[in-house]
Each structure stands twice: as structure tokens, then as C-alpha cells.
Amino acid sequence: MAAFFSKPSFHCSETPKLIQEIGINQSVLQEQHCNIESNGHKNISSSCSLEDIEFDCCYPYRKTVATEFRLVCDNQMLRSVGESMLGFGYLTGSILFGQVSDRFGRHLALKLALFSKAIVMLTLPYLQNVYVVIFFFYLNCTFGYGTVLTSFVLVCELTGSSKRLMALCLLEFGGQFGEVVAIGLFYFTRDWRKCVQLHAFIFIFMISSILLIVESPLWLISNKYFKEASFLIKSIASGNKKVLTEEKISSIINQLSSSSGSHIASEKDAYSAIDVFRYRNLRKKALLIFFNWFTVTASFYAVYFNMSSLHSDLYTSYLLGVFINILGFAFAYIGIYCVGRRIMFSICMSSGGLTGLCLLYLSTGDRLIFILCLIGRFFFSAAFTLVYVWSGELYPTPVRNVALGLSSICGRVGLLLVPYALQYGLFAQACISLLGFASASLSLLLPETTNCSLPQTIADSERFSFRKCSEIFSFYSEPISGSLSKSGDELNELLLSDVQIDDLSSEEVEI
């Protein structure tokens, strides 16, 4: 929907009058000038009023918010404000739905985001005031990102370690398919109001899927809703034609809710964003994850803006970007099974940073720039997938959603800073590339989470600490458990139960 604020080419419709008044060539008036000056003997100038602006029809746009409300010349600032609502909406969605999800449940937060977005989309096409349109666009971005963030966390907690990556990659593929549908609707309608109406009808049809979505058992157990968690686990097992006795269900819940020898897990019942920084290991991991989010977002959009400036066709550039994103997701999916989260993320960030450094040695307009931008977008798309999956697995259940929201905020800060940073040319590109190398190196210190259960408590997260320098290139994963101090037999029995609850959850998602 950010394309709705895009500015097509325009010219002043009062050509004969201006030619007679200030004596300039007609070709000058066909350019996008709001103030036209003549340096002849009279040295006079003339302004083209908003009413005299004519937008070129009809490719790639016919009717956008910018053309309908004439957001050019004197109203240029309103168009910039409208475009910035995408970033600010994502920021608000990260904060708001991170808190709601961790406090009141993933299912409630998802329903709130979905129904709120549906109401906004049904209302938006009928608004006639530009300020109200911009505000509703902001609300749409807020609720939209709330839907994405909460869905990601819910899928992460409903799937086991063996199938979590596949489920999250399918979620990413679904997002890319949605982008193709959105650009397709805009291509055939060329009218932002009709496009939003069609999008709203599709969205309302798909919103019925909320009836098939259940609450996260891990969130229920973490917040001591043991009765509801027991009923949900029994329902999941029944739906997958598995039989679990009440004793077995109680055993699973006890294992997931207890943390041997830890006082941290019982300190409080409700957590907030402050708790992300309260505990030592969690704080250090969070700060490094924040840096990774900032860097991968800034790097991705630096390549995105460079790529957009090199290709004039909106639809071709957009579809090509979606295709590159899908290839990046597939590359991340395959690579994780080969080398794990840490090393794969490091490979993607360092390779993307290398393409950024190569751009420094190419002249403007060189075809190799466009190819290198495609390569950089490929690696940073893969890194985006990895940072989503990896972050969700590193944060403990009580603060997972709010911590991911804070991580996303850091990413959006990177997005907001990139357009200003790129004004400094090669220096900015070099700095962004160096940040990519720094992120690739520091991320090797984080724990590996491949085939690991999710940390259920703050205590689990505290015991799941940084790697030693001698172990940063190793491939093994450390088990996350609330009872790491138990004997070998008891630990194996606990892990077996963890696998069972993971498998049940993953099969529920497949159905």
C-alpha cells in the first residue's frame, strides 16, 4: 500500500498561457516543475497552481492517493508523511501487540489485530479527507504488522523444533504470495480505492481461518493457566489420533512449568519490556539481537533503494524483488539444515556486506550495479528469514513477543535512517557494509538453537548463554531445558516428553 503515495510524472496544464507570459520553451513545461523561471530579459517566474497540475496517464498508475489529493509541489510534505506512516505504523504495532500478546495471549492479540485491520480496510476506500486517509493508512500498517508479529510467535510456539523452520518459511512464502496478489490487484485496477476494496474482501474471506487457530500451550503454561493448557493439549492429541492420559498431560505441564533450583521463574507472574534488560544473559543476547535486526534491515533497504533507482518499471522491479526474496528464503531453509542458524546467518551477512563493498568500485549506471543489488538482496532476504527464526528461538516464552517487538523497532530505526544515510553516497555504503561484517562476526557468539526446544522460562534463557571463542565455529546445539542440572536418565526422559509435546503441536499446525 506504500505505492499508493507514489508520485507519477506530472506537468502544468497551463502551457500556452505560461509560454506567452514568461517566454519559455514548451518542452520545459512538460517536466515536473512547480515553479518555472525565465532567465531572459524580463527575468520573471510563474508558479503552476495545484489545480493546473496534470498527471500523466496511465502507466504505472492511474489513481493513487498522491494523484487524487494532488500531493505534489506545495503538498509534497503530506506525501512524505504518508509514506513515513509505513515505518511508524510498524513501530507502533511492534510495541502495542508485543505487550498485548505477552500479557493477554497470542490468540487474543491476533484476533484484535485481524478484526481491527478488517475494519480499517473496509473504511479506508470511502474516506474523502487526505489527513484522515493518512491516519487510517497508519492504522492499517499498525494492525497489519501486529498480525504478522503475533502470527510469527504463535507459529513458532505451536511447532516443534524439527518442523519449526519449515512452518516459519511457509509463513514467509505466504507473505510473498500476498505481495504478489497486492501488486496484481493494483496492476489491474490502477485505482487505490478499488484496490483496497478488493483487498478488504479477500482479507475478510481469509479472516475466517481464526476459527482454526488455537492459543499457544507454552503461553498458557507460562502464565499458569494449567487447566486450559491441559484441555488444549488433550484436544491436539485427539485431533492427531494420539492418546494421552491425564497423568501424562500433567507430567508434560509440570516439566514445562518448573525450573529446577531457580528462583527467577517464580519471582513474578507478569513480565514487561523492562524484564528483557533485567537479567544478565538475556540482556546481552537481546542487545546483540537488536544490533542484528538493525543491521540486516538497514542493509536490505539500502540495497532495495539502490535497486529501485536503477529500474524504472514499478511492476517488473517489484515482482523481481519478490522472486529474489523467495530464492533467499529457500537458500536459508536449505542452509540451516547444513550448518545451523549461527553460521548461516554469518555467511549471509558477510556475503551481503561484500556485495556492498563491491558497489564502491563501480561507476554510476553500470549494469553490474543492478546485478550486485540483486545478489545483495538475495543474501539479505535469507538473513531476514534467519533473524526472525533465530530471535524467536532465543527469547523465552514470557517475553518472546515483546522482545521480538523491540527487535523489530530496532529494525525500523534502520529503515528510517537509510534514506538519509544514502545521501552521503559511497561513505554511507561503506559504513553499512562494515556493519554487515560486524553483525556476521558477533552473531557467532550467540547460542545455536537448531533442534532445540524453546526456552520456557527466564531461568532457561539465563542458562542458555554465549559461546566461547573456541566454540564459535562448531555446529552442535545446546539443549534448552528448565532442568539442566538433572541426572542423565531424568534429562533424557524430560527431553523425550518435550519432543512429544513439540510433535503434537507441529502436527496440529499441519492439519
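## Nonpolar surface patch

In this predicted model, F177, V181, I202, F205 and M206 make a nonpolar patch on the surface. The patch covers about 520 Å². Two elements each give two or more residues to the patch: helix 7 (164–189) and helix 8 (192–206). Helix 8 supplies the largest share, three residues.

F205 is one of the patch residues. F205 sits in helix 8. Its relative accessibility is 62%, so F205 counts as exposed. The cut-off for that class is over 50%.

## Aromatic pairs

The structure contains 17 aromatic pairs. One of them joins F331 and F378: the ring centres are 5.2 Å apart and the planes meet at 45°, so this pair is tilted. Tilted applies here because the angle is neither under 30 degrees, which would be stacked, nor over 60, which would be edge-to-face.

The F331–F378 pair links distant parts of the chain, with the two positions 47 residues apart in numbering. F331 belongs to helix 13 (residues 314–359). F378 belongs to helix 14 (residues 367–394). F331 has 28% relative accessibility and therefore counts as partly exposed.

Elsewhere, F135, F136 and Y138 form one aromatic cluster.

## Charges over rings

Two contacts place a basic side chain over a ring face: K117 over F203, and R190 over Y187. K117 lies 5.7 Å from the ring centre of F203. R190 lies 4.7 Å from the ring centre of Y187.

Terms used:
Residues numbered from 1 in each chain as written. Predicted model: local features only at pLDDT ≥ 70, side-chain atom pairs only at ≥ 80, totals over all residues. Heavy atoms only, no water. Phe/Tyr/Trp six-rings, centres within 6.5 Å; stacked < 30°, edge-to-face > 60°. Helix = DSSP H or I, 4+ residues; strand = E, 2+ residues; numbered from the N terminus. Buried < 20%, exposed > 50% of the residue type's maximum accessible area, 1.4 Å probe, protein only. Lys NZ or Arg CZ within 6 Å of the ring centre and 35° of its normal. Patch = residues over 30% accessible without salt bridge, like charges linked within 9 Å, V, L, I, M, F, W, Y side chains within 5 Å. Areas by Shrake-Rupley, 256 points an atom, 1.4 Å probe, with all protein chains shown as cover. Salt bridge = Lys/Arg side-chain N within 4 Å of Asp/Glu carboxyl O.
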